[in-house]
Amino acid sequence: MTQNLKNLDLSIELDKKLYKKKLKVLQYEMLNAQQFLLNNKIGLILVFEGMDAAGKGGAIKRLIERVDPRGYVVHPISAPQPHELRYNYLQRFWRKLPQHGQIAIFDRSWYGRVLVERIEGFATKEEWSRAYEEINNFEKILTAGDYIIIKFWLHVSEEEQLKRFNERAQDPYKAWKLTDEDWRNREKTPEYIAAANEMFEKTDKKNAPWVLVAGNDKKHARVQVLQETLAHIEREAQKRGLHLTNVLDKSHLEDAESSSIGLQIHAKKTKK
């Protein structure tokens, strides 16, 4: 079934106490997964896309909070530089791929070709239309080798986004996050949602799946990102005849028995 943002339940919430407990366990699981990837020389590529102020930065921060900083790099992707425009749009991403055994996190990515470049007219219809196949081939080349790819779309309602925008504008420590471009993008929300849904339809593949994350509750979103990352690594390890064994001492973890990859979110619905 094709994924669609209209089917995403944005009312999901996670209890704060349960969030802290799960987050700690999952973060140590992520550290363990990092060691597994290093020992088996498998590269991990994580893509983060989504609406402005949907919590991508916060999710990335929690994802890497306990892992070895020598083993990952975060690439914040913005508009290409003038010299990069002389090459195919994918060239600058080839240069940022992780070594085998390392982790690369893309905060925005090559999907800009079928999102912002499409909507803002930076790419012609012919260019962004053929990009779906180009991107699928790009990801297929990587996952056919020693790479694992998982792609996240973090989504928030227009009401929640406006609330976060206003909070940023009033907070001197967060005001730098809010730009005129964010406000312009907000006016084109229906266009971005339509483009995102077409993107899911054409690029959600088993080798490089899209995971849609309800971001109105940041706690839920952060836990889901960790859970989905770990579950996908486990599936890909099994395909390679490997098993994601735990090399860490669990004695210092709280409720270690709940630290399995398949840990379910005990969410509650927001009362309307």
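In the predicted model, Glu160 has a relative accessibility of 15% and therefore counts as buried, since the limit for that class is under 20%. This residue belongs to helix α6, which covers residues 158–170, and the side chain of Glu160 forms a polar contact of 2.8 Å with the side chain of Arg164. Although Glu160 and Gly215 are separated by 55 residues in sequence, their C-alpha atoms are 9.1 Å apart in space.

The strands considered here form an open sheet of 5 members, arranged in the order β3-β4-β2-β5-β6 and paired in parallel. The edges of this sheet are occupied by β3 (72–76) and β6 (210–214), and each of them has a single partner strand, so that one side of each is left without a neighbour in the sheet. From one strand to the next, the twist averages 20°. Strands of a sheet are, in general, paired through backbone hydrogen bonds, in either a parallel or an antiparallel manner. In the present case, β3 runs parallel to strand β4 (residues 103–107), to which 5 bridges join it, and within this pair His75 is placed opposite Phe106 of β4.

Helices are also found against the sheet. Helix α2 (residues 56–64) packs on it and touches β2 (43–50), β3, β4 and β5 (147–155), with a direction that makes about 155° with that of β2. Helix α5 (residues 125–143), for its part, lies across β2 and β5, and runs at about 135° to β5.

Two residues of helix α9 were examined in further detail, and the first to be described is His232, in the helix formed by residues 218–239. With a relative accessibility of 2%, His232 counts as buried, because this value falls under 20%. A polar atom of the His232 side chain lies 3.1 Å from the backbone oxygen of Ile149. When neighbours within four places in sequence are left aside, the residues in contact with His232 are Ile148, Ile149, Ile150, Lys206, Asn207 and Pro209.

The other residue, Arg222, likewise lies in helix α9. Arg222 is buried yet takes part in no salt bridge, and the nearest side chain of opposite charge, that of Glu65, is 8.3 Å away. A salt bridge requires a side-chain nitrogen of Lys or Arg within 4 Å of a carboxyl oxygen of Asp or Glu, which is why the distance of 8.3 Å to Glu65 does not qualify. Residues up to four places away in sequence not being counted, Arg222 touches Tyr19, Gly58, Ala59 and Arg62.

Conventions: Residues are numbered from 1 along each chain as its sequence is written. This is a predicted model: local features need pLDDT of at least 70, side-chain atom pairs count only at pLDDT 80 or more; totals for chains, interfaces and linings use all residues. Side-chain values use heavy atoms; hydrogens and water are left out. Helices (H or I, at least four residues) and strands (E, at least two) are DSSP runs, numbered from the N terminus. Buried means under 20% relative accessible area, exposed over 50%, partly exposed in between (1.4 Å probe, protein chains only). A polar contact is a pair of N or O atoms within 3.5 Å; within protein, one must be able to donate a hydrogen and the other to accept it, and residues adjacent in sequence count only if both atoms are side-chain atoms. Contact means heavy atoms within 4.5 Å. Two strands pair if DSSP finds at least two bridges between them. Axes are lines fitted to C-alpha atoms, for helices over the stretch in contact, and angles run from 0 to 180 degrees between N-to-C directions. Lys and Arg count as positive and Asp and Glu as negative; His and the chain ends are not counted.
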